[in-house]
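Colleague: I am new to this one. Please take a close look at a single part for me, the shell around the ligand. Which residues come nearest?

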Amino acid sequence: MLGLMQEWPLLCHKLVDNAATQHGNREIVSRSIEGPIVRTTYADLRRRALRVAERLERDGFGLGDRIATLAWNTARHIEAWYGIMGVGAIYHTLNPRLFPEQIVWIMNNAEDKAIFVDLTFVPLLEKIAGAVKSLRKVIVLTDKAHMPQTALPDVVAYEEWLGEADGAFAWKIFDENTAAGMCYTSGTTGEPKGVLYSHRSNVLHAMIAAMPDAMGISARDVILPVVPMFHANAWGLGQSAPMIGAKLVMPGCKMDGASIYELLDTEKVTFSAAVPTVWMMLLQHLEETGKTLPHLKRVVIGGSSCPRALMAKFQDSYDVEVIHAWGMTEMSPLGTLCTMKPDYAGLRGDARLDVQGKQGYPPFGVEMKVTDDDNNALPWDGKTFGRLKVRGPAVAGAYYGGVGSEQFDSEGWFDTGDVAHIDANGYMQITDRAKDVIKSGGEWISTIDLENLAVGHPDVAEAAAIGVPHSKWGERPLLVVVRKPGREPSKTDILAFMNGKVAKWWMPDDVAFVSEIPHTAAGKIQKTSLRQQFRDYRLPTD
Ligand SMILES: Nc1ncnc2c1ncn2[C@@H]1O[C@H](COP(=O)(O)OP(=O)(O)OP(=O)(O)O)[C@@H](O)[C@H]1O
């Protein structure tokens, strides 16, 4: 015997065990779907999650079964999450913003056997349940008094079902590499792809995410995950918060500026995370009402590129530090966070914003490189861009069902499909998605750079750059613009504004004005539809 360390499998139930033991009275505050604010604790979370696991087992569900959730961030959702993992089954958080046909496709692909569903989504489930062949149990996340009349098969109210548990269940023990959860990608660039998380990857990701120069959260924080659990595990906060014992505030189904502000204020939230659109709604609310943010210290902004003006407003007007972050469903999801290394720590004003506009550097546990198309590593000079590749213990090794195998190589590198450069200090900046980058005469043009520049024009509400076929150059950029209400900028105005701020050959060949740009369920610009819309477009330069 070498006298090595003890076996201590990294199983997700240990996160709630620790929370209940060390932080048992720490609150979970949840805006319920029925309306009122509900206050529970980490001790309650553990007790109720054990009952979920017990009831699932009694209903015949166990190791490896996929159990879906169609729900907002609430205390009940997180109890269900840990209960599902605690019996050895796999939680499968569904994005309710997808089209019903997409949800059916995903549920059939995952072969979901049961579903926990919010009251809000019962009508949606009624429409689609018949098409999901594997589904045999529906648990509505409510009590008997609020249970709707429904024809759903084998349907039960969560509280009533939970009440039938006798409380004698003990967590199932299995190998830490057992699957614990699954999410599908947003489907921005193609069909959504399933990603499986193991207990080990979930626990390690919780630790990686919480570290000081990652999210940097502690037991003293009050955390509001606005980012939904169905959007890549609420960026890990549903696991990191119990791991460290932070108070958890769950926003339920209300994500408008006033509702978010109310929770930030009444619960004295110190840390929150969401996509840029949510923060824009909050800042608009603050501007309209003159309110301030005395408790909030830090926000994580990610999911898509964070506009500079949004970061500046948070920091200059409200004294809230912004952490710009990049991640993917395939990475559990955190990849990089833009916190300050010593070389950048003293920067202020525009120089600091220049760094914060980058997506940041990876914490321990994520390795990163950029390569050319032949897999040669490119220099870290802050300008040479190529394919961004990552590997680590919380990065997927394959997609569910074996699709997309070309994105994984034999050395464990995952090709993210993003195009980026890395600077000498290790900070990565996304310049595009590989499928969106414009290839003009063999050179690449970053659509994100063109879009960020165009939205800086005071009369532009939204902009998207796409490649349009060109007989001489292969492709040239077309800028598609939505004007701000009541404003009439011309093509010449916009091009004059952009002129000199990007290389001449990057300048769009034309500007097309539209009333709306198509978006995915996750709120990202749907370039595939846009390219389809403009497929017969003739550029004036062609
Ligand atoms: N801070 C950020 N800045 C720019 N892009 C970001 C940022 N954070 C995330 N992204 C983009 O979001 C992608 C990850 O999104 P997600 O996992 O939700 O699915 P998706 O990639 O949109 O869907 P699909 O793979 O099905 O097309 C990243 O690859 C990146 O392109």
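Modeller: Helices and strands here are DSSP runs, numbered from the N terminus; a helix needs at least four residues, a strand at least two. Keep in mind that this is a predicted model. The mean pLDDT of the protein chain is 95. Residues at 70 or more make up 100% of the chain. The model has an ipTM of 0.96 and a pTM of 0.91.

Now the ligand. Around it stand 28 residues. Thr-185, Ser-186, Thr-188, Thr-189 and Thr-329 come nearest. Three elements each give two or more residues to this shell: strand 14 (321-327), strand 18 (414-422) and strand 19 (428-433). Strand 14 supplies the largest share, with four residues. By class, 16 of the shell residues are polar. Another eight are nonpolar, and four are charged.

Next, the UniProt record, an unreviewed entry. It lists residues 17-400 as "domain: AMP-dependent synthetase/ligase". In the model, the end C-alpha atoms of that span lie 30 Å apart. Helix accounts for 33% of residues 17-400, and strand for 21%. The record also carries the annotation "domain: AMP-binding enzyme C-terminal", covering residues 450-524. The end C-alpha atoms of residues 450-524 lie 16 Å apart. This second span is 17% helix and 33% strand.

Back to your question. Thr-185, Ser-186, Thr-188, Thr-189 and Thr-329 are the residues to look at, since they come nearest the ligand. Then look along strand 14, which gives four residues to the shell.

Methods. Residues numbered from 1 in each chain as written. Predicted model: local features only at pLDDT ≥ 70, side-chain atom pairs only at ≥ 80, totals over all residues. UniProt positions renumbered as here; feature names shortened; annotations may be inferred. Near = placed C-beta within 6 Å. Nonpolar A, V, L, I, M, F, W, Y, C, P; charged D, E, K, R; others polar. pLDDT = per-residue confidence, 0-100.
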